[in-house]
Amino acid sequence: VARRELSRYPIEWLFPVLILVIVFTVYPFGYAIWSSLFRILLISPKRPFVGFKNYLDVVSSIYFQEALLNTLLFAAITAPLTVVIALGVARLLLTRFFGRGVVRAVVLLPWAMPAVVSGIVWVWIFHGRWGVLNAVLLKTGIISTYIEWLDHPVLAKFSVMVAHIWTQIPFASVLLMAALSIINKELYEAAEVDGAGVVRKFFSITLPQIKGMATIALIYELIMGLTAYDLTYAMTGGGPGGATTLLGYYVWAESFKMLQFGRGAALGVIMAAITLALILAIMRAVPGELSVEN
Amino acid sequence: MKRSLLMALGLLLLGTVVLCAAPVTLNFVVWSYNIATIQDNIAKFEAANPDIRVKLQDYPWNQYHDTMVLRLKGRTRTDVMYNGEDWLPEFAAAGWVASLEDFFPEVKKYKEKTAPYALADMTYKGKLYGLSYYADIITFQYNKVILKNNGLSVPKDWDQVLQECLKLKQGGMKYPFVYEYDATLPNFYSAFASQVYGRGGSLFDAQLNPLLNDPDGEAFKQLQWLQDAKVKYDIMAFENHETKVVPAMNTGQHVFTVLYNYNLAAMNKPPQALAGQFDIATMPGKAGACLGFAKFYCMTSQAAKDPVRRNAAWRFIEAFGGGDYKVAKRWAVEDGLGFAALPLMDDPDVKKAWASWIDMEKFKAQAKLARNDVNPEWKGMWSEFFRPLMAKAFVGGATVKEVMDQGAAKWNEYKELLEE
């Protein structure tokens, strides 16, 4: 009966949610596209129509290429790594062992911490002259001289990625724990009877069963990676020399630092387009997993 | 019927009286620095002015500009705020802050008691917009004990700074120079400007044309010096905040730095390990000048529109930034913050407090040579664009020419947009 009611009055049933989507998603996005076509300098009363000039300006700006590459690299490395590590964490947290409750709470801790606080914590770890990591590596004899983790362009990229993954693992773990916990145990028992080992069971049972959730987690982490900037800025301020500058920062900077709202909006639209393209690419690569029927 | 009407009128009257007698609440917005002292100052003000309540809101320094843009553009109630010299023209042009002179001509009496560079920083289109919270200079600071122990003298120019750093490096000190390096901080630009002034150069001329991209100019040379110090000679360590430079200097691993002058107070006071070993030197370069600036209490246009809030705001601003300079004196004595109020220069309490961490005569001599920066309406916005580029040049990610050319182009772009 409920199914028939839904199909009989589809718009009426969707209306409340549609209103929310229109107010909080469609209107702001539409307004951003509209704004991106005007030269809006916040302290100037003039707002001339400039067409696609804002898009050309941001794409040809000195920061765009570097920030875009940094952002894509950042998202491409952190998103899959986060999902892989989170899968391991989720599996661990589903295993019964002494103190599991405490470990579960501790693993969730990074999720609850504001990004800026996390950034400060990671600066204490990676600092080149008084960081914990250098102290440990030096004491264990792995290094003979301190490494400037945050002052070297490549190492700084690595450092902010590690910190970002650390903050993202809890949520991805929760998603994957949910997926892992509903796998039918009989499948594993049957596989064991057939002589399947750990690796075979993982690839033949676990992975196919959690593929849908893993794809959602991957897409989510990709969006987090593409829009990240607060943690990196707390750690490096985008430096050294732009090595950890991400596009998300420039959407903010163009709008609220340089007060050029038109350009900020144009950059936001470009970022949304890139994100959408990547999501579509992932959904194509994993066909059927996210469709309603599945 | 008549009785009901009378009762209603009576209640209305009572309500009006209660509302009128209720204290006005001012929303006071600051960047985060020693909030406990600010709260204590507010408590004292409220005790002396029972008809005014003050609600304090603070934001981190490196997010302050953006947050205030959002607050002021979004018309979030704000009555009095900290403002900076580079943001005043921007906020005034946007109509977000109000000139004190327009409403309270008596503010002019403070002009003659204010250091010239600070007065210029608080003035826009000939009108005074604020009274100073603090005013300071950006100075060249060094460890006099290490310098002396290594047989080195106080450097007079940047070539000498380099030679001494190289000598110290040969002697085993990895990074003789430590630098506050964070492109998100407005002072990242200000410290650079101070060094350029020391050389006798300028980043812009009187007609607001950029000079920074002139390869023979002092700004160009100084950025090249900084890049060489980091990339070619590897004598410079970075810290991302002044609060980290202070303890870093106290490790004895560094000798030179350039910072807001008040940091010398923190550097030289126990329990810092090397307290007492630090001093200021005249900014290296033929001019020996430095950047002087003012941060100040400013009234918003929102407050100015309402006579009650406007008057309360003025009383608050005058109590904090004027009067007998009690608040400025407290900042100077307790935290070593510089001041715009000239009478405090010879205040015995200030002199006594400062004697424990700085040579007052050296400070006066450097302050005399201080210049305020060029601050047109687009300065703050341009600085946000230029600082990341400058940071890139520091580490060799871009050439000085690329950075200075881009900086000049952006400056001209803003200039055209706002002057057309």
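Helices here are DSSP runs of at least four residues, numbered from the N terminus. Keep in mind that this is a predicted model.

**View 1. Asn134(A) and the residues around it.**
Asn134(A) sits in helix 7 of chain A, which covers residues 132–139. With a cut-off of under 20% for buried, Asn134(A) counts as buried because its relative accessibility is 0%. Leaving aside residues up to four places away in sequence, what does Asn134(A) touch? The list is Ile125(A), His127(A), Gly128(A), Ile143(A), Tyr146(A), Ile147(A) and Trp149(A). Leu176(A), on the other hand, is 42 residues from Asn134(A) in sequence, and their C-alpha atoms are 33 Å apart.

**View 2. Strand 7 of chain B and its three pairing partners.**
Strand 7 of chain B takes in residues 130–143, and 14 of its 14 residues are buried. It runs antiparallel to strand 12 (residues 290–300) of chain B, with 7 bridges joining the two; look for Gly130(B) opposite Cys298(B). Strand 10 (residues 256–260) of chain B also pairs with strand 7 in the antiparallel sense, over 5 bridges, and here Tyr142(B) faces Phe256(B). Then there's strand 11 (residues 278–281) of chain B, antiparallel to strand 7 again, with 4 bridges. In that pairing, Asn143(B) stands opposite Phe278(B).

**View 3. Thr184(B), a loop residue that touches both chains.**
You'll find Thr184(B) in the loop between strand 8 (177–180) and helix 9 (186–198) of chain B. Is Thr184(B) buried or exposed? It counts as buried, because its relative accessibility is 7%. Its side chain makes a polar contact of 2.9 Å with the side chain of Asp182(B). Not counting residues up to four places away in sequence, Thr184(B) touches Tyr233(A), Gly237(A) and Tyr249(A) in chain A, plus Asn62(B) and Arg387(B) in chain B.

**View 4. Where chain A meets chain B.**
Here 32 residues of chain A are in contact with 40 residues of chain B. Together the chains bury about 3000 Å², with 57% of that on carbon and sulfur atoms. Ile43(A), Ile62(A) and Lys257(A) supply 22% of the area chain A buries against chain B, more than any other three residues.

**View 5. Polar links and helices at the A–B interface.**
There are 4 salt bridges between chain A and chain B, including one between the side chains of Lys257(A) and Asp66(B) at 2.9 Å, N to O. The count of residue pairs in polar contact between the chains is 7. On the side of chain A that touches chain B, helix 11 (230–236) and helix 12 (247–257) each supply at least two residues. Helix 12 gives the most, with 5 residues. That side of chain A divides into 17 nonpolar, 6 polar and 9 charged residues.

Key. Residues numbered from 1 in each chain as written. Chains lettered and ligands numbered in written order. Predicted model: local features only at pLDDT ≥ 70, side-chain atom pairs only at ≥ 80, totals over all residues. Heavy atoms only, no water. Buried < 20%, exposed > 50% of the residue type's maximum accessible area, 1.4 Å probe, protein only. Contact = heavy atoms within 4.5 Å. Pairing = 2+ DSSP bridges. Polar contact = N/O pair within 3.5 Å; in protein donor to acceptor, adjacent residues only side chain to side chain. Buried area = accessible area lost by both parts, 1.4 Å probe. Nonpolar A, V, L, I, M, F, W, Y, C, P; charged D, E, K, R; others polar.
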